[in-house]
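Student: Could we go through this structure together? I would like to start with the chains and then turn to the details.

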Amino acid sequence: MNRRMIEEKLFKGLMLASLLIVLGSLGLIFLTVLKHGLPALNLAMLTQTPKGGYYLGKEGGILNAIVGSLCLAGGATIIAFLLGFPIAIYLQFYATRRRIAEVVRLTMDVLWGIPSIVYGAFAFILMLWLGVRASLLGGILALAFLELPILTRGMDEAFTMVPTALKEASYGLGATKIETAMKVVIRQTAPVILTAILLAFGRGIGDAASVLFTAGFTDRLPDSLFRPVASLPLAVFFQLATPFPAVQQRAYASALVLTALILFISILSRALANKMKKHIIR
Amino acid sequence: MKSARLQVQNLNVWYGPQHTLKDMCCEIPDRGITAILGPSGCGKTTLLKSLNRLLEETENTRITGEVYLDGKNIYDPDACVTELRTKIGFLAPKPFPLPMSIYDNVAYGPRVHGRFPGKNGSRKERLDDIVERNLRAAGLWQEVHDRLRAPASYLSTGQQQRLCLARALAVQPEVLLCDEPTSALDPLAAQRIESQLFSLKEDVTIIVVTHLLRQARRLADHVLVLWMGELIECGPSSQVFNQPVDERTKAYLSGDIG
């Protein structure tokens, strides 16, 4: 065997090894969550809010956190999309020749790298200043800031992949930039946009640090934008921090619910994205 | 010579530092097919894309000079670029259907402009009619009439190019710019496009960029020959092909260069 063949084998081996490490750790996470969480998981956990003494191992469930998390991440994703979509369109269609596009992209990349606890602290200071208490609205805004760069850059990259000739085909028929963006570019990039939305939603629903100060926690179901709201990551955190093994098991069950939720949304969006792919022009 | 439909005056185009079109002056006669000939990189496509202001969408381009369509300068600050592109259609070298159904591709232009010309019937009936008429004009109707709602991406390359032609015709352009419209196609598909263009030339002013001499000989009524960003020869095709004036045109036509 000559040197080039050995090189080929060596790199194939390394690739396989890193693949196994990644898949293995993912499998271990699932196993741990399943092993500890499944025994504690029951219908009551999914359909009830915590009753008195829930955190001592008594009755109730985490419906407050499930609904709270969906409201937080859903609201944040909608706001981040409403803010990020025009930014991405502006970057691609109107600011192409300008320096400002580079500045915005750099800003977004820096924002992407900021730890979520910093967003939480920043939003908290802003809320103190505005006199707003920890609430659903506060949590949604903090998460929206966290998701904004992910969504914006995701859509920006998606729009970059659109062939110039496709845009020219639309311009050539007398369409304006905004018509081209809304009718052609969105259709062409729909699967990628959907993936970016999912990525942002997943980051938002799984984040504990940015909702810690801004959304607070409550045993009630969310009923107002201006009241505190529960979330799954914090439910995991609080239950894991108790000294009672039964409650700690419920923390794993909560983590299982969170994981299953994200998995379900991933599969759903994949299916949707595949359905959209038939129109894409290569 | 027939009256000029388009007049180009002192047109200069730069891509960054590169001076691609140099003081271009030329006229495109009304109706018929005008071929723009020349070796690669001589500015054929640049000239073509300057005629419907598609050049502006490319980064780092600088354009000076005037182009008159029916006596009006299309580069005038008050000129409406979408109106211009409705009058002057464009067919790209590689077909790029829009990411939607066959029907929606043809209906795209009329919908964007909110124009559904037709004698009678509801908006939808008139649109159906527009789609059918233009698919027929592009020679595609027979092949797709039973699957108009299928994605355009399912069509073959040759069919896609005819769909792009139908799409361009649906906005009723007075001028049609074709940038090497058959370069991505096999000979049979290319022949179909050529014959469709040929049948359209009584109604529409067609400008075809090509580096295929034989194609130009087959199609053109009028020829412009470009060389390194300059016009070196123009006139009726019989004159340009049989009695070229410029030495470079002679060399190009005889196959010594290009």
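Tutor: The conversation below takes the chains, the helix packing, the contact between chains and some loop residues in turn. This is a predicted model, in which local features need pLDDT of at least 70 and side-chain atom pairs count only at pLDDT 80 or more, while totals for chains, interfaces and linings use all residues. Residues are numbered from 1 along each chain as its sequence is written, and chains are lettered from A and ligands numbered from 1 in the order in which they are written.

Student: How many helices and strands does chain A have?

Tutor: Chain A has 11 helices and zero strands. Helices here are DSSP runs of H or I with at least four residues, strands are runs of E with at least two, and both are numbered from the N terminus. The C-alpha atoms of chain A fill a box of roughly 65 × 65 × 35 Å along the principal axes.

Student: And chain B, how many of each?

Tutor: Chain B has 10 helices and 10 strands. Its radius of gyration is 18 Å, close to the 18 Å that the globule rule gives for 258 residues, so chain B is as compact as a globular protein of that length. That radius is taken over C-alpha atoms, and the rule is 2.2 Å times the number of residues to the power 0.38. The box for the C-alpha atoms of chain B is roughly 55 × 45 × 35 Å, again along the principal axes.

Student: What share of each chain is buried?

Tutor: In chain B, 44% of the 258 residues count as buried; in chain A, buried residues make up 40% of 282. A residue is buried if 20 or more other C-beta atoms lie within 10 Å of its own, exposed if 12 or fewer, and partly exposed in between, with C-beta atoms placed from the backbone.

Student: What about contacts between residues at least 24 apart?

Tutor: Among contacts between residues at least 6 apart in sequence, 76% in chain A join residues at least 24 apart, and the figure for chain B is 68%. Two residues are in contact if their C-beta atoms, placed from the backbone, lie within 7 Å.

Student: Helix packing next. At what angle do α10 and α11 of chain A pack?

Tutor: Helix α10(A), residues 232-240, and helix α11(A), residues 245-276, pack at about 160 degrees with their axes 8 Å apart. The axes are lines fitted to C-alpha atoms over the stretch in contact, and angles run from 0 to 180 degrees between N-to-C directions. The two helices, α10(A) and α11(A), are therefore roughly antiparallel, a word used for angles over 145 degrees.

Student: Which kinds of residue make that contact?

Tutor: The residues where α10(A) meets α11(A) divide into nine nonpolar, three polar and one charged. Ala, Val, Leu, Ile, Met, Phe, Trp, Tyr, Cys and Pro count as nonpolar, Asp, Glu, Lys and Arg as charged, and the others, Gly among them, as polar.

Student: How far apart are the axes of α3 and α8 in chain A?

Tutor: The axes of α3(A), residues 63-94, and α8(A), residues 177-205, are 10 Å apart, at an angle of about 145 degrees. Their contact has 12 nonpolar, three polar and one charged residue.

Student: Now the two chains together. How many residues are in contact?

Tutor: There are 25 residues of chain B in contact with 23 residues of chain A. The largest share of the chain B side, four residues, comes from α3(B). By class, that side has 13 nonpolar, seven polar and five charged residues.

Student: What do the buried residues of α7 in chain A pack against?

Tutor: They pack against α8 of chain A together with α2 and β6 of chain B. Among the buried residues of α7(A), which spans 164-172, are Lys167(A), Glu168(A) and Tyr171(A). After α7(A) comes Gly174(A), with a positive phi near 90 degrees.

Student: Which residues other than glycine have a positive phi?

Tutor: Arg31(B) has phi near 60 degrees, as does Arg53(B). Arg31(B) is in the loop between β2 (18-29) and β3 (33-37) of chain B, and Arg53(B) is in the loop between α1 and β4 of chain B. Arg31(B) counts as partly exposed, with 19 C-beta neighbours inside 10 Å.

Student: Is Glu59(B) buried or exposed?

Tutor: Glu59(B) is exposed, with 10 other C-beta atoms within 10 Å. Its C-alpha atom is separated by 8.1 Å from that of Tyr15(B), 44 residues away along the chain.

Technical notes:
Angles under 35 degrees count as roughly parallel, over 145 as roughly antiparallel, 65 to 115 as roughly perpendicular and the rest as oblique.
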